[in-house]
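Here is a short report on a protein and DNA model. Please keep the sequence and the 3D view open while reading.

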There are 2 protein chains.
Amino acid sequence: MYVMAEPKTKRGQIRRAKILAAAETVMGDQGFSAASIAEITRLADTALGTFYVYFTSKEQVFRELVLEMGRITRAIVGEAISDAPDRLSAERAGLEAFLRFVAERPQLYRIVEEARFVDPEAYRDYFWHFGQAYTLGLREAQKRGEISAGDPEVRAYALMGISKALGDRYVLWEETPDIERVVEEAHKMICHGLAP
Amino acid sequence: MYVMAEPKTKRGQIRRAKILAAAETVMGDQGFSAASIAEITRLADTALGTFYVYFTSKEQVFRELVLEMGRITRAIVGEAISDAPDRLSAERAGLEAFLRFVAERPQLYRIVEEARFVDPEAYRDYFWHFGQAYTLGLREAQKRGEISAGDPEVRAYALMGISKALGDRYVLWEETPDIERVVEEAHKMICHGLAP
DNA sequence: CTGAAACCTGAATCATTATTCATGTATGTC
DNA sequence: GACATACATGAATAATGATTCAGGTTTCAG
């Protein structure tokens, strides 16, 4: 997928950023196919044709948004777990940070999920990257004896799945999410499992 | 959403079923928007217009497929766990059955996930229904002392999330999935958690 | 100041497809 | 075997919206 060169002037950079932000809003709210370039440029106070000065296609802005979401999510979760004293605390902090992020920017979250259909490669890359880092974190925690033995990659994906499902059910589907409570309950299960 | 009456004659029932099956294939392979009615009817050896004898719109066949998927998944998982001796065994059997189902009918799985965007109500109903049953099963297992105490609904969604994530990573993204191994590893974590 | 590069414009193009419809053909009942 | 109902057809309709383009305007280095 061909990508345009960076804008050379200040004005150009601002314009491009405005269009990208508008695309986030419109695509996040309405989904990829319902989002029209016309509406994106309208929201960005820009002429329709200007869109194609900065992006080669509708698909390309979308991909850009998915990449941005990857960077943001990793930054937010990474930050949240960075000063946890041990891995179990890190799991709790990471889950909580993720759920709060979903609550604050549901559009970005939606875009990543839609990427599964619009741009499967970007979607896969997103989780692959995240999964790699997650796996590594668990493997090292295991070496340090902070968690029990077990395949770190399977665990990483299982834990990502928990976050996503709880985000859907308790953040997106709920008027007033009680994130604290959900994190608490989930964390108990993550630490000790279901066995009596 | 208006739904057509059932076909009255044998011929009609067969034709309708043929179109529905073709829709499953085409929509499952290409996704909702890339799937064209023309291709669906071509695959069903049927004239284009005949589609509208049986379905009111493209959206409506899609919904029909989502509902069908709901019935099938519940049947398959329900069957798998029905003769488990206790809840922890049931969790293992259910996870394994789900992963095998994803491996066998990836198109249907894809359709449900796409419903999140194409028909959010159907998507929500699907998980709501499943979540209700799952929660109930966990609550009763807890009463019987087969699992430890904890919010059964949060646990239900967490467990569904695990299944979905492992389905993505180890079934859809893998040439030759080793379902047995993944189930084994995940089940250890589900039973005992990460705590050392 | 000035010219070239960069940026901006929005009407026109172009392609795609869901849906309709007017006109047949089959089915089953009497 | 005739009639009504149900089913089948595919060309025509109609709407949509992504992308292009031919010509302006702004920026900024020299």
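## Contacts with DNA strand C

In this predicted model, a polar backbone atom of A35(B) sits 3.4 Å from a phosphate oxygen of DNA strand C. Chain A reaches the phosphates of this strand too. The side chain of R15(A) has an N or O atom 3.0 Å from a phosphate oxygen of DNA strand C. T9(A) uses its backbone: an N or O atom there is 3.3 Å from a phosphate oxygen of the strand. Two elements give two or more residues to the surface near DNA strand C: α1 (10-30) and α3 (51-54) of chain A.

Which residues come nearest to DNA strand C? Of the 20 residues around the strand, they are K8(A), A47(A), Y54(A), I37(B) and Y52(B). By class, this surface holds 9 nonpolar, 6 polar and 5 charged residues. On the DNA side, look at the atoms of strand C within 4 Å of the protein. Sugar or phosphate supplies 74% of them, and bases supply the rest.

## Contacts with DNA strand D

DNA strand D also has 20 residues around it. I37(A), Y52(A), K8(B), A47(B) and Y54(B) come nearest. Of the atoms of DNA strand D that come within 4 Å of the protein, 77% belong to sugar and phosphate.

Three polar contacts with phosphate oxygens can be traced here. A side-chain N or O atom of Y54(B) is 2.4 Å from a phosphate oxygen of DNA strand D. For R15(B), a polar side-chain atom lies 3.1 Å from a phosphate oxygen of the strand. I37(A) takes part through its backbone, with an N or O atom 2.9 Å from a phosphate oxygen of DNA strand D. The elements giving two or more residues to the surface near this strand are α1 (10-30) and α3 (51-54) of chain B. The surface near DNA strand D divides into 8 nonpolar, 7 polar and 5 charged residues.

## How the two chains relate

What turn lays chain B on chain A? A turn of 180° does so, with a shift of 0.0 Å along the axis and an RMSD of 0.1 Å. The two copies are therefore related as by a two-fold rotation axis. Both copies use the same surface: 100% of the contact residues of chain B recur in chain A.

## A glutamate in helix α6 of chain A

E113(A) belongs to helix α6 (residues 106-118) of chain A. Is this residue buried or exposed? E113(A) counts as buried because its relative accessibility is 4%, below the 20% cut-off.

Its contacts reach both chains. Leaving out neighbours within four places in sequence, E113(A) touches Y123(A), F127(A) and K164(A) in chain A. From chain B, R116(B) and F117(B) are in contact with E113(A).

## A phenylalanine in helix α5 of chain B

F98(B) is part of helix α5 (residues 87-104) of chain B. This residue is buried too, with a relative accessible area of 10%. Residues up to four places away in sequence aside, F98(B) touches T73(B), Y109(B), S163(B) and K164(B).

How many residues separate F98(B) and E153(B) in sequence? They are 55 residues apart. In space, F98(B) and E153(B) are 19 Å apart, C-alpha to C-alpha.

Methods
Residues are numbered from 1 along each chain as its sequence is written. Chains are lettered from A and ligands numbered from 1 in the order in which they are written. This is a predicted model: local features need pLDDT of at least 70, side-chain atom pairs count only at pLDDT 80 or more; totals for chains, interfaces and linings use all residues. Side-chain values use heavy atoms; hydrogens and water are left out. A residue is near a molecule or strand if one of its heavy atoms lies within 4 Å of it. A polar contact is a pair of N or O atoms within 3.5 Å; within protein, one must be able to donate a hydrogen and the other to accept it, and residues adjacent in sequence count only if both atoms are side-chain atoms. Helices (H or I, at least four residues) and strands (E, at least two) are DSSP runs, numbered from the N terminus. Ala, Val, Leu, Ile, Met, Phe, Trp, Tyr, Cys and Pro count as nonpolar, Asp, Glu, Lys and Arg as charged, and the others, Gly among them, as polar. Copies are superposed by least squares on the C-alpha atoms of residues with pLDDT of at least 70 in both. Contact means heavy atoms within 4.5 Å. Buried means under 20% relative accessible area, exposed over 50%, partly exposed in between (1.4 Å probe, protein chains only).
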